[in-house]
Amino acid sequence: PVRRVAVSGGSGDSLLDRARAAGVDVYLTSDLRHHPASEFAEHGDTALIDTAHWASEWPWLAEGAARLVSALGGERANVEIRVSEIVTDAWSLAL
């Protein structure tokens, strides 16, 4: 059973040890390199899910933009913030 999940948007294999130390059942991140991921998996205590980099960051961008607008003084701020709609993943196969 999965009780605890850690998520790192973007490249997160530098946080593999922290995910294990947190006692998670699943660690979801992107851009896992072969050797760090295979060494982590040898322990067999935490499942790894490796997503496409762009897909792991995209879901929070609208919220991030809204928070930035708020931090800058709301809609009256003299700054234009746009979230790109361009999919930048190098991977085009979807199953």
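Mentor: Let's start with charges: Lys and Arg count as positive, Asp and Glu as negative, while His and the chain ends are left out. Keep in mind that this is a predicted model.

Trainee: Okay, how far apart are the mean positions of the positive and negative charges of the chain?

Mentor: They sit 8 Å apart, taken over 8 positive and 14 negative charges.

Trainee: What pattern does the chain follow along the sequence?

Mentor: Reading along the sequence, you get β-α-β-α-β-α-α. That makes four helices and three strands.

Trainee: And how do I read the radius of gyration of the chain?

Mentor: Hold it up against a compact globule. With 95 residues, such a globule would come out near 12 Å, but this chain has 17 Å. The C-alpha trace spans about 55 × 30 × 25 Å along its principal axes. As for burial, 22% of the 95 residues count as buried.

Trainee: Let's pick a residue. Is Thr-46 buried or exposed?

Mentor: The cut-off for buried is under 20% relative accessible area. Thr-46 has 8% relative accessibility, so it counts as buried. You'll find Thr-46 in the loop between helix 2 (34-41) and strand 3 (47-51).

Trainee: Which residues is Thr-46 in contact with, leaving aside its neighbours within four places in sequence?

Mentor: Val-24, Asp-25, Val-26, Tyr-27 and Phe-40. With Val-24 there's a detail to look for: the side chain of Thr-46 reaches the backbone oxygen of Val-24 at 3.2 Å.

Trainee: What about backbone angles? What is the phi of Asp-31?

Mentor: General idea up front: most residues other than glycine have a negative phi. Asp-31 isn't a glycine, yet its phi is positive, about 55°. Asp-31 is in the loop between strand 2 (26-30) and helix 2. Its relative accessibility is 35%, so Asp-31 counts as partly exposed.

Trainee: One more, please. Where does Glu-57 lie?

Mentor: In helix 3, which covers residues 53-57. Glu-57 has a relative accessible area of 29%, so this residue is partly exposed. Its side chain also makes a polar contact of 3.1 Å with the side chain of His-53.

Trainee: And which residues does Glu-57 contact beyond its neighbours within four places in sequence?

Mentor: Gly-9 and Gly-10. Try Ser-30 as well: Glu-57 and Ser-30 are 27 residues apart along the chain, and their C-alpha atoms are separated by 9.4 Å.

Conventions
Residues numbered from 1 in each chain as written. Predicted model: local features only at pLDDT ≥ 70, side-chain atom pairs only at ≥ 80, totals over all residues. Heavy atoms only, no water. Helix = DSSP H or I, 4+ residues; strand = E, 2+ residues; numbered from the N terminus. Rg over C-alpha atoms; globule rule 2.2 N^0.38 Å. Buried < 20%, exposed > 50% of the residue type's maximum accessible area, 1.4 Å probe, protein only. Charge placed at Lys NZ, Arg CZ, Asp CG, Glu CD. Polar contact = N/O pair within 3.5 Å; in protein donor to acceptor, adjacent residues only side chain to side chain. Contact = heavy atoms within 4.5 Å.
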